[in-house]
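Got the viewer open? Let's walk through this one selection at a time, starting with a little vocabulary.

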Amino acid sequence: MKKFVLLFFLVGLLFYGCSSDFMAHDTTYKNWDHMRFSWWGYRQPTQEDVQNSTEQGWWGQEIPYIPAE
């Protein structure tokens with residue numbers, strides 16, 4: 001029983017430590033349309049998907065690539 005309690009406590013600490021960075025982000029997907037596209041629609045995107053991603057800001061801010069000098 002003591003081993004179970006100790007194991008439970010250690011697993012809890014592991015999840016707490018790993019989840020702190022994950023929980024700092026507001027969401028993984030912007031909305032349900034974004035999740036549906038990321039799971040199933042990405043293989044055959046439609047013009048409606050392009051319009052939704054632009055209007056709803058699915059992919060965040062664009063960061064330009066600057067080659068190293």
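Contact here means heavy atoms within 4.5 Å. Keep in mind that this is a predicted model, where local features need pLDDT of at least 70, side-chain atom pairs count only at pLDDT 80 or more, and totals for chains, interfaces and linings use all residues. Residues are numbered from 1 along each chain as its sequence is written, and side-chain values use heavy atoms, with hydrogens and water left out.

**The whole chain**

Start with a cartoon view. The chain has 3 helices and 0 strands, in the order α-α-α. Helices are DSSP runs of H or I with at least four residues, strands are runs of E with at least two, and both are numbered from the N terminus.

Now colour by burial. Buried means under 20% relative accessible area, exposed means over 50%, and partly exposed is in between, with a 1.4 Å probe and protein chains only. Of the 69 residues in the chain, 12% are buried. The accessible surface is about 7,100 Å², and 63% of that belongs to carbon and sulfur atoms. Areas come from the Shrake-Rupley method with a 1.4 Å probe; for residues, only the protein chains shown count as cover.

**Stop 1: Ser53**

Select Ser53, which is in helix α3 (residues 47–56). Its relative accessible area is 15%, so Ser53 is buried. What does Ser53 touch, leaving aside its neighbours within four places in sequence? It is in contact with Trp58 and Trp59.

Show the side chain as sticks and look back along the helix: a polar atom of the Ser53 side chain is 2.9 Å from the backbone oxygen of Val50. A polar contact is a pair of N or O atoms within 3.5 Å; within protein, one must be able to donate a hydrogen and the other to accept it, and residues adjacent in sequence count only if both atoms are side-chain atoms.

**Stop 2: the two faces of α3**

Add Asp49 and Asn52 to the selection, and together with Ser53 you have the buried residues of α3. Look down the axis of α3: these buried residues fall within an arc of 95 degrees, so they line one face of the helix. The arc is that of the directions from the helix axis to the C-beta atoms. The cover over the buried residues of α3 includes α2. Spin to the face turned away from the buried side, and you'll find the exposed residues Gln47, Glu48, Thr54 and Glu55.

Zoom in on Asn52, buried at 15% relative accessibility. Beyond its neighbours within four places in sequence, Asn52 is in contact with Gly57 and Trp58. Click on Gly57 too: just after α3, Gly57 takes a positive phi of about 65 degrees.

**Stop 3: α2 and His34**

Next, select helix α2 (residues 32–39), whose buried residues are His34, Met35 and Phe37. They cover an arc of only 165 degrees around the axis, which puts them on the same side of α2. These buried residues pack against α3.

His34 has a relative accessible area of 4%, which makes it buried. Not counting residues up to four places away in sequence, His34 touches Thr28, Tyr29, Trp58 and Trp59. Try a distance label from His34 to Asn52: they are 18 residues apart along the chain, with C-alpha atoms separated by 8.4 Å.

**Stop 4: the start of α2 and a salt bridge**

At the start of α2, a side-chain oxygen of Asn31 comes to within 3.2 Å of the backbone nitrogen of Asp33. Then show Arg36: it forms a salt bridge with Asp33, and the closest N and O atoms are 2.5 Å apart. A salt bridge is a side-chain nitrogen of Lys or Arg within 4 Å of a carboxyl oxygen of Asp or Glu, and by this rule the count is 1. Arg36 and Asp33 are 3 residues apart in α2, which separates them by about one helical turn. Arg36 is partly exposed at 46%, and Asp33 is partly exposed at 25%.

**Stop 5: the far ends**

Jump to Gly60, in the segment after α3. Gly60 is exposed, at 61% relative accessible area. Measure C-alpha to C-alpha from Gly60 to Lys30, and you get 9.1 Å across 30 residues of sequence.

Last, go to helix α1 (residues 2–24) and pick Phe8, which is exposed at 62%. Phe8 forms a nonpolar patch on the surface with Met1, Phe4 and Val5, and together they have about 530 Å² of accessible area. Patches are made of residues with over 30% relative accessible area and no salt bridge; like charges are joined within 9 Å, and nonpolar side chains (Val, Leu, Ile, Met, Phe, Trp, Tyr) within 5 Å.
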